[in-house]
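Open the model in your viewer and keep the sequence panel visible. The tour below goes from selection to selection, with a short note on what is found at each stop.

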Amino acid sequence: MVITSQPPVKAAPYEQGQDLSSPNRNLTPLGSSLDSNGELMVGGCTLSELARTYGTPLYVLDEATLRATCRAYREALAAHYPGRALALYASKANSSLAISALVASEGLGLDAVSAGELLTALQGGMPAERIVLHGNNKSKEELALAASHGVTVVADNWRDLELLAELAPELSQPVRLMLRFTPGIECHTHEYIRTGHLDSKFGFDPDQLETVLKHLQNCSWGRLSGLHAHIGSQIFELQPHSDLAGVMADALALARRLGHPVEDLNVGGGLGIRYVTSDDPPSIQAWVQTVAEAVVEACRARGLELPRLLCEPGRSLVATAGVTLYSIGSCKTIPGIRTYVSVDGGMSDNPRPITYQSTYTAVLAERPTAAASDNVTVAGKHCESGDVLLKDVALPKAKPGDVLAVFATGAYNASMSSNYNRIPRPAAVLVGDGVAELVQRREQPEELLRYDVLPARLSPIT
Ligand code: LLP
């Protein structure tokens, strides 16, 4: 279904002072505006109208913001890196056919971590030669799928190499391999999303690197094309990314010395975004410039020919493009304690607050500029006290039926959603130029029974 709304031209801007070239620094999607009734619009569509048409909870994805972030990475790499470069979208942030197609059309590549993400990317039209497959415990089937399509496999451990060697007789071409190692770099982010330190389940230990590289000298089934490291996610510091370049250049020098014609250096992702006003992430340009200059400098210092520079942004590509709409239902005030405003979704469509204590920003979609007179806690509808989306936030007085818009929900919300309490997953719409298109159908309660099997002996007697 396609709905059209008022064109955004007549609308007043909603958030002032947006960073147009680096949307990860904004709270709201680019060009968010107010319609003639003062209601919030994204991509030229009035959010309350989207909620009425498609139901809630609803994931709204702004195409202009998504394209702008892709462009920002592409242009910054072209401006700051003198060699070849490619940004790969880390599709774990939000995997769908529509996003794969959009990102492919912007000339980016893609990082997948499972057969599901890989199939989504391929069917979304992402060329196989621009895809890499990650994972610390890939199945033989996942490796076979990647290798048969010519997707680059990121070897994370010895088990990957064993399984690939077993698959070798079935392969028509040598596997393009990248080697992941833990760089031993600490950064300040939630411990669940830190990966660069030595105590990590991902990648080869740096002490093993030489042994693995020597082992690969004798593997005729594969060709080592690159090295990979990733230090973590939602990082605001630039220094760890800069430090990573030196560690990776040492590994590159070693690999080339051992006869591997390694051309790709993949520095992972990790750039943070703004969830609340106090967040102040670097711009995409600043991040790319830091990384690019550090790689150039590290290679120059070691007399290395420049590799192709790859990076893997996830969150900073899609988060700010996403807004989740909820309908407000019950409101409960406990005098002297707090007011709970409950919405029709929660931890099943956004598990980040309960998992990482993440904070978000929200407004009432029909009155986004009304005075925020109440201090409330926005709770989800799941049978769990910790199912709280926003704790102690300021909102105008809310009533049942109001539409709540939560910003910066484009990354790690849909992709980490669940059916907890057998709650169906939301629909998703892509908006732009006043048009909304359904890109993910809403699950129906009866569809959730699709995979249940009731043994005959337990069937109700009829
Ligand atoms: N490359 C690799 C190998 C990764 O493991 C990740 C994220 C990325 C790239 C993309 O990182 P980004 O640019 O999005 O920071 N669920 C957590 C985030 C987990 C990140 C996992 N790996 C969250 O909701 O905060």
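Two strands count as paired if DSSP finds at least two bridges between them. The model is predicted, and the pairings below are read from its coordinates.

**Stop 1: the four-stranded sheet**

Select residues 12-13, which form strand 2, and residues 33-34, which form strand 3. These two strands run antiparallel and are joined by two bridges. Pro13 has Ser33 of strand 3 opposite. Now extend the selection to the whole sheet: it is open, has four strands in the order 2-3-4-5, and pairs antiparallel. Strand 2 and strand 5 (45-46) each have a single partner strand, so each is an edge with one side lacking a neighbour in the sheet.

**Stop 2: a cis peptide bond**

Move to the loop between helix 1 (47-54) and strand 6, where Pro57 is found. The peptide bond from Thr56 to Pro57 is cis, and its omega is near -10 degrees.

**Stop 3: strand 15 and its partners**

Select strand 15 (322-334) together with strand 6 (58-62). Four bridges hold this antiparallel pair, and Leu61 has Gly322 as its bridge partner in strand 15.

Next add strand 20 (403-407). Strand 15 runs antiparallel to strand 20, with five bridges between them; here Val323 is opposite Phe407.

Then add strand 16, residues 338-343, which is also antiparallel to strand 15 and joined to it by five bridges. Lys332 has Tyr340 in strand 16 as its bridge partner. Three residues separate the two strands of this hairpin, and Gly336 has a positive phi near 80 degrees.

Which residue has a positive phi although it is not a glycine? Ala408 does, at about 60 degrees. Find Ala408 in the loop between strand 20 and strand 21.

**Stop 4: the two domains**

Colour the chain by domain: domain 1 is 23-62 + 320-448, and domain 2 is 64-318. Their C-alpha centres are 32 Å apart. To show the contact, select 28 residues from domain 1 and 32 residues from domain 2. About 2,500 Å² is buried between the domains, with 58% of it on carbon and sulfur atoms. On the domain 1 side, pick Asn24, Arg25 and Tyr412: these lose the most area to domain 2, and together they make up 28% of what that side buries.

**Stop 5: the second largest pocket**

Select Ala414, Ser417, Arg425, Pro426 and Gln440, which lie nearest the centre of the second largest pocket among its 30 lining residues. The space there is about 530 Å³. Both domains contribute at least three residues to the lining. Strand 6 and strand 15 each supply at least two lining residues, as do strand 21 (427-432) and strand 22 (435-440). By class, the lining has twelve nonpolar, twelve polar and six charged residues.

**Stop 6: the cavity**

How many cavities of 30 Å³ or more does the structure hold? There is one, with about 50 Å³ of space. Show its lining as sticks: Leu86, Leu88, Glu129, Arg130, Ile131, Val132, Thr152, Arg176, Met178, Asp264, Arg308 and Leu310. Six of these residues are nonpolar, one is polar and five are charged. At least two lining residues come from each of strand 7 (85-90), strand 9 (131-133), strand 11 (175-180) and strand 14 (308-311).

Note on methods
Residues numbered from 1 in each chain as written. Predicted model: local features only at pLDDT ≥ 70, side-chain atom pairs only at ≥ 80, totals over all residues. Heavy atoms only, no water. 1 Å grid on protein atoms, 1.4 Å probe; cavity = no way out; pocket = protein on both sides within 12 Å on 5 of 7 lines; lining within 4 Å. Points joined across faces, edges and corners; volume = space filled by probe spheres on them. Nonpolar A, V, L, I, M, F, W, Y, C, P; charged D, E, K, R; others polar. Domains from an automatic or database assignment. Contact = heavy atoms within 4.5 Å. Buried area = accessible area lost by both parts, 1.4 Å probe.
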